[in-house]
Each structure stands twice: as C-alpha cells, then as structure tokens.
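Biologist: I would like a close look at a single part of this protein, namely the pairing of oppositely charged side chains. Please take me through it slowly, and then say something about the surroundings.

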Amino acid sequence: MMAEVGAGGPRLAELLALGRRVWDELEASTEPSSGAPAVQDKVRQGLDVLQRAAAMVTQLELFSENEELEEIASADLKFMLLPALLGALTLKQVDLSRRKEHLESAREHFLRFLKLCRNYGLGSFQLPPGTAGEEESRSPSGPREPAQPNLVAMAMSRSAKIERYKQKKELENKLASMSSSVESGTADEDQIREFYILQIQKWIGTSLEEIESIDQELVILKSRDAARQAPAGPRGLSRPARTPVKPFILTRDAAQARVFGAGYPGLPTMTVDDWYEQRRRQGIVSQQDFGEPGSPPCPSPPAGASDEELQKQQQETKEEEDDEEALQKARDWDDWKDTHPRGYGNRHNMG
C-alpha cells in the first residue's frame with residue numbers, strides 16, 4: 001500500500017494541501033458576501049483539486065472495508081478528510097437555482113466520510129436517520145452499549161449542543177498546539193497519528209451538524225416547492241363573465257310606463273313587477289323577496305351582489321322617486337291652472 005502511495009503520493013498530498021489551503025482562506029475571508037465572484041471562483045478551485053484528489057484515492061484503493069485502523073499508515077490518515085472537505089466546500093456554492101442539488105451533494109459527501117470513519121471505529125456515533133445501513137450499528141465484537149450517546153439525538157437538545165461545542169473547542173486547542181510540530185516535520189510517528197485522528201474527530205462532529213442543518217433546509221425547500229405547485233385557492237378563481245344588460249326604463253306601474261315610453265321611444269320600459277318577474281325567472285331573486293301579497297315589492301340585494309350593483313340599484317330607486325315627485329308636481333300645476341285663470345288675484349290696477 002505504501003509503495004503505491006509513494007509512487008503517486010507527492011501529487012496526491014499536494015492536491016490535498018492545496019484544497020485545505022483554499023478552505024482555510026475561505027474560512028478566514030473578510031469578503032462581505034459569500035456570493036462575490038472572487039469567493040465563488042475560489043470555491044470552484046477548491047472543489048476541483050479535492051475532486052481530483054478523491055479520484056486518486058479511489059484509484060489507489062487507499063482505504064478498504066477489510067482492514068483495521070492500525071493498518072493505515074499515519075501519513076495516510078489525512079486523506080480520510082477528503083469527503084468532509086468536499087461537502088463543506090459544496091455548501092459554499094450560492095447558486096439558488098441549484099440549491100437543492102448542492103445540499104443533496106454535500107450530504108452525500110458528509111455521509112461518505114462518516115461511513116468511512118465508522119468502518120474504522122473512529123468516534124462513537126450513529127449515522128443520521130434515513131441513511132441506508134443505519135440499522136447496522138453492531139460492531140464485530142457484539143452490540144454496542146445502549147448507554148453510548150447518539151450524537152444526532154444529542155444535537156436536538158441545548159445542553160448537548162453546549163457540550164459538543166466545548167468538545168470542539170478542546171479539539172481545536174489540541175490541534176493548534178500540535179500543528180506547528182507536525183507541519184515543521186519535527187513530530188514523531190505517534191504525534192502525527194494523534195494529530196490526524198483529532199482532525200478526523202473534529203470533522204465527525206462538523207459533518208453531523210451539517211447534515212442536521214441540510215435536512216432542515218431540505219424540508220423548507222420541499223414545502224416551498226409544494227406550495228408553488230399547489231392549485232390556486234378560491235381567491236385565484238376567476239369570476240364568470242356577466243351577460244351585458246340592455247338599457248331600459250324602470251317604472252312603478254303600467255301608467256308610468258306609457259308616459260315614459262312615449263317620451264323615449266328608443267328605450268323599452270318595464271314596470272317594477274315585470275322587472276322582478278324577470279329576475280325571479282333568472283333565479284336572481286326568490287318569491288320571498290316580494291313581501292306580503294298586495295304590498296309593494298321590497299327587494300333585498302341579491303346574494304353575492306357587488307358594491308357596484310348595489311350602488312346602481314340605489315341610484316335607480318332614487319331616480320324613480322325623483323321622477324315620480326316631478327310628475328306629481330306637474331300634474332298639480334296643471335290642475336291649479338285649470339281652476340285659476342291667467343291674471344287671477346291681480347286687483348292692483350282695477351279701474
């Protein structure tokens with residue numbers, strides 16, 4: 001295994017180092033927006049080099065399900081971080097039209113990393129719910145202890161999150177104290193191995209937290225898509241087109257209809273009774289709207305009538321009353337002229 005890695009190792013190590021450097025620069029970036037072109041270019045660059053490194057690890061068959069953690073060389077442990085770094089960089093893409101695709105891709109990367117770690121017995125955790133193979137939680141020596149904490153369940157409580165945060169800070173402090181000696185090449189074999197195992201444990205917690213956040217965001221996205229595809233409610237229904245009504249003159253009785261009909265021969269006349277009978281046949285008003293027999297009709301606005309229709313009906317009623325009053329005044333004036341000849345009451349100039 002080491003010979004194979006030695007032949008292609010330098011380039012593989014360089015690719016991983018470049019990908020880690022890109023990730024560190026993005027984490028320390030002071031750009032106000034993660035969607036800035038410079039940031040997204042760096043994200044694509046990091047994804048490219050890490051994907052090439054992951055392909056080389058697969059080609060070299062660097063890790064196997066049939067080996068134990070002790071069989072992996074200390075210098076090769078760092079390559080286990082490739083799927084986790086790929087997932088973290090994938091989440092930094094900001095194309096909203098492909099957000100769901102990026103979330104699902106990042107989740108797959110994190111799961112691949114967690115499965116690899118669990119296969120080698122690194123960390124005490126269970127795969128997130130809904131993951132294929134999550135029921136296979138038995139180790140070769142027998143079932144796990146029931147008291148073993150489930151990190152996914154712990155993350156749901158505030159106290160567990162605080163505890164996880166403390167553990168993460170402790171790991172970071174240890175890594176910071178060891179990084180200088182490992183990077184300078186002065187660390188021994190045991191220190192190098194411990195350093196990379198601590199890095200893996202740190203990323204196990206990060207991966208579980210990211211998967212939890214991804215699942216929550218996917219639920220929101222699915223709900224939003226379902227709302228967009230739902231049929232329009234009652235407010236979205238269009239009103240049926242109304243049949244245009246031809247103009248006509250509404251009168252109180254047949255005598256008034258003859259008077260107006262003579263003055264406006266171009267417009268048909270209709271009494272109130274005729275108008276109500278027509279509305280009743282059309283199903284707009286019912287028989288109960290007519291009131292007591294022999295009493296004048298007292299219409300109520302039809303159900304569903306709009307404000308415009310009500311205003312129009314009130315205006316028509318007002319015009320009818322005004323016309324009736326004007327007609328009565330004209331009749332009274334004619335009667336008064338019949339009984340009072342011209343000059344009646346003028347006694348001022350009598351000789």
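Modeller: In this predicted model, a good place to begin is Lys42, whose side chain meets that of Glu25 in a salt bridge, with N and O 3.2 Å apart. The two partners belong to distant parts of the chain, since Lys42 lies in helix α2 while Glu25 lies in helix α1, which covers residues 2–27, and 17 residues separate them. Side chains of opposite charge can pair when their charged atoms come close. Lys42 counts as partly exposed because its relative accessibility is 28%, and Glu25, at 37% relative accessibility, is likewise classed as partly exposed.

This pair belongs to a wider set, as the structure holds 10 salt bridges. Another of them joins Lys169 to Glu172, where the closest N and O atoms are 3.5 Å apart. Here both residues sit in helix α6, which runs over residues 158–184, and because they are 3 residues apart they are separated by about one helical turn. Lys169 has a relative accessibility of 35% and therefore counts as partly exposed, and Glu172 is also partly exposed, at 23%.

A further salt bridge brings together the side chains of Asp225 and Arg224, with a distance of 4.0 Å from N to O. Asp225 is partly exposed at 27% relative accessibility, and Arg224 is partly exposed too, with a relative accessible area of 39%. Returning to Lys169 and Glu172, these two are joined with Lys202 into one network by salt bridges that share partners.

Charged residues also appear in another setting, for Asp188, Glu189, Asp190 and Glu194 gather on the surface in a patch of negative charge. Of these, Glu189 has its place in helix α7, which spans residues 189–229. A separate acidic residue, Glu61, deserves a look for its backbone, as its phi is positive, about 50°, although Glu61 is not a glycine. Glu61 is found in the loop between α2 (37–60) and α3 (82–91), and because its relative accessibility is 58%, Glu61 counts as exposed.

To set these details in the whole chain, the protein has 10 helices and 2 strands, and along the sequence they follow the pattern α-α-α-α-α-α-α-β-α-β-α-α. The chain has 351 residues, of which 32% count as buried. Among contacts with a separation of 6 or more, 59% are between residues 24 or more positions apart.

Definitions and conventions: Residues numbered from 1 in each chain as written. Predicted model: local features only at pLDDT ≥ 70, side-chain atom pairs only at ≥ 80, totals over all residues. Heavy atoms only, no water. Patch = residues over 30% accessible without salt bridge, like charges linked within 9 Å, V, L, I, M, F, W, Y side chains within 5 Å. Areas by Shrake-Rupley, 256 points an atom, 1.4 Å probe, with all protein chains shown as cover. Lys, Arg positive; Asp, Glu negative; His and termini not counted. Charge placed at Lys NZ, Arg CZ, Asp CG, Glu CD. Helix = DSSP H or I, 4+ residues; strand = E, 2+ residues; numbered from the N terminus. Buried < 20%, exposed > 50% of the residue type's maximum accessible area, 1.4 Å probe, protein only. Contact = heavy atoms within 4.5 Å.
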